[in-house]
Amino acid sequence: MPRYSNDNAEGGDAGSRPYTKQRKPLTNKLTERKLPNSVSACKKQLRDITRLSQRATLPSTKKVELERRIKALNVHMEQMTNSEVNKKNAKRYHHVKFFERKKVMRKLAKAEKQGNEEAIKELMVSLNYTTYYPDEQKYISL
């Protein structure tokens, strides 16, 4: 049995090189990956793709694909960091917003019994403020 693929059954050439398996290009693997679920994985993929795009031997079509992938990963990473901030703020201010909403609901019920239209409008604004305040920002209580 021949040791290398280019050896003959008789023994082969003395100066022949061993058979080397050709590698598949890395660009296909990197450009066709799904978007990562964590920020650190996203950063790692960005680093890999930027290093790959800096190679001089890449064809221009692959470079364009890699640049598009870099832009998509940057946008995805920004969205993930924003969603983490939103979750953190929602968790932090949930307790305060809950009690303020209860307080406004009590005052609203009292104002409806009395028939005070101005107070009802004012309390409805306060209720909407506590209910729909954006999670991206620090909550400022009433």
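User: What makes Ile-120, Leu-123, Ser-126, Leu-127 and Thr-130 the buried residues of H4?

Analyst: Buried means under 20% relative accessible area, exposed over 50%, partly exposed in between (1.4 Å probe, protein chains only). Ile-120, Leu-123, Ser-126, Leu-127 and Thr-130 carry the buried label in H4. This is a predicted model: local features need pLDDT of at least 70, side-chain atom pairs count only at pLDDT 80 or more, and totals for chains, interfaces and linings use all residues. Residues are numbered from 1 along each chain as its sequence is written, and side-chain values use heavy atoms, without hydrogens or water.

User: How do you know on which side of H4 the buried residues lie?

Analyst: Take the directions from the helix axis to the C-beta atoms. They cover an arc of only 125°, so the buried residues are on the same side of H4. The face turned away carries exposed residues, including Glu-117, Lys-121 and Tyr-132.

User: Why is Lys-97 called buried?

Analyst: Its relative accessible area is 12%, so Lys-97 is buried. Lys-97 sits in helix H3, residues 60-114. Beyond its neighbours within four places in sequence, Lys-97 is in contact (heavy atoms within 4.5 Å) with Thr-130, Tyr-133, Asp-135 and Tyr-139.

User: How do you know what span to expect for H3?

Analyst: Multiply 1.5 Å by one less than the number of residues. H3 has 55 residues, so 81 Å is expected; its end C-alpha atoms are 75 Å apart, which agrees.

User: What makes His-94 a bend in H3?

Analyst: Fit one axis to the seven residues ending there and another to the seven starting there; the bend is the angle between them. At His-94 that angle is about 50°.

Methods: Helix = DSSP H or I, 4+ residues; strand = E, 2+ residues; numbered from the N terminus.
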